[in-house]
Amino acid sequence: MRCSTRASSSNGLSSSPRNRHRTARRPKSPDDPRSTGFDDSSGGEPVRLTRGPLLVSLVLVSVMLMLYSTAGQSFSMWLPTILDARGFDSSLALTVTAASLYGAPLGCAIVYLSSRFVSRWTMMFAMAALACISIVVFFASDATSVVIASAFVVMAVSGGYSPLTNVTAGEEFPTSVRASGMGFAHSTTRVSNAVAPFWLAMVLNSGLFVLGSFLVGLWVGILAVVSMLRARHIAAQRRASRQQDVDAFSTVAGGDKPLN
């Protein structure tokens, strides 16, 4: 009769001479101060989003998505009302609105084709600045062709900016908390979408100049948040570069030491 030599010991180590390494990993207890309250197998640690740099990333991404959602939907939803308030007849307002709607898919196509030659950060800065200029032209000009062109550009920027914001938001979170961070950030846009119509209605009653300033201010806010995110990326790249230099120097210095 042969006896089995693969009995497991109580400390998680295999008793077989061929397998002396740890075969099972015991999850941390929630009472353990080193534990985050979530098992490693759960795929994420949402509590980390409320600590340190991840909290800053969460706040910046949420603000960026809220501003972008408010700026994009406010202009597209209230465009016929804005044109009517400026004195355009209903048929022309509907024509301008229908023509401008084709700008969103065109903007996405332009971003996709340009991403091979232009960096994402350059496109985000340039497109936000273009949106500000187009909104100013839209409210300042009375020529029908200029109004149609400027509205088309604003819609194209709004459509092309969507994939850029999603990629930027995804890169702000590590893999373990990316789903939680993106989910929370996108959920904040639901709040802004619910409140924005009331804000815009009050702004619209204050006059077209105030409304134009409000829309331009939203894109300026997006520019400010993107600038903060870019500054954090540059700082992180510099820290990583310095750490690589330190590690390389330590490796070279350690290679000169005799082995024991």
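**Talking through a predicted helical model**

Me: Happy to look at this with you! Leaving aside its neighbours within four places in sequence, which residues is Leu83 in contact with?
Reply: This is a predicted model. Setting aside the neighbours within four places in sequence, Leu83 is in contact with Phe88, Ala93, Val96, Thr97, Phe138 and Val147.

Me: Nice. Which helix gives the most residues to the largest nonpolar core?
Reply: That core has 52 residues, and among those touching the most other members are Leu83, Phe138 and Trp219. Helices α1 (52-85), α2 (90-101), α4 (120-140), α5 (144-171), α6 (178-205) and α7 each supply at least two residues. The biggest contribution, 13 residues, is from α1.

Me: Let's turn to a helix pair. Are α5 and α6 roughly parallel or oblique to each other?
Reply: Their axes are 9 Å apart, and the helices pack at an angle of about 135°. Angles over 145 degrees would count as roughly antiparallel, and 65 to 115 as roughly perpendicular. The angle of about 135° falls in neither range, so α5 and α6 are oblique.

Me: And how many residues of the contact of α5 with α6 are charged?
Reply: Here Asn166, Ala169 and Gly170 in α5 meet Arg178, Met182 and His186 in α6. These residues divide into two nonpolar and three polar, and the charged ones number one.

Me: Last one, with pleasure: is His233 buried or exposed?
Reply: His233 lies in helix α7 (residues 208-255). Beyond its neighbours within four places in sequence, His233 is in contact with Trp121, Glu171 and Glu172. Its relative accessible area is 19%, and the cut-off is under 20%, so His233 is buried.

How values were computed
Residues are numbered from 1 along each chain as its sequence is written. This is a predicted model: local features need pLDDT of at least 70, side-chain atom pairs count only at pLDDT 80 or more; totals for chains, interfaces and linings use all residues. Side-chain values use heavy atoms; hydrogens and water are left out. Helices (H or I, at least four residues) and strands (E, at least two) are DSSP runs, numbered from the N terminus. Buried means under 20% relative accessible area, exposed over 50%, partly exposed in between (1.4 Å probe, protein chains only). Contact means heavy atoms within 4.5 Å. A nonpolar core is a set of buried Ala, Val, Leu, Ile, Met, Phe, Trp, Tyr and Cys residues joined through side-chain atoms within 4.5 Å. Axes are lines fitted to C-alpha atoms, for helices over the stretch in contact, and angles run from 0 to 180 degrees between N-to-C directions. Angles under 35 degrees count as roughly parallel, over 145 as roughly antiparallel, 65 to 115 as roughly perpendicular and the rest as oblique. Ala, Val, Leu, Ile, Met, Phe, Trp, Tyr, Cys and Pro count as nonpolar, Asp, Glu, Lys and Arg as charged, and the others, Gly among them, as polar.
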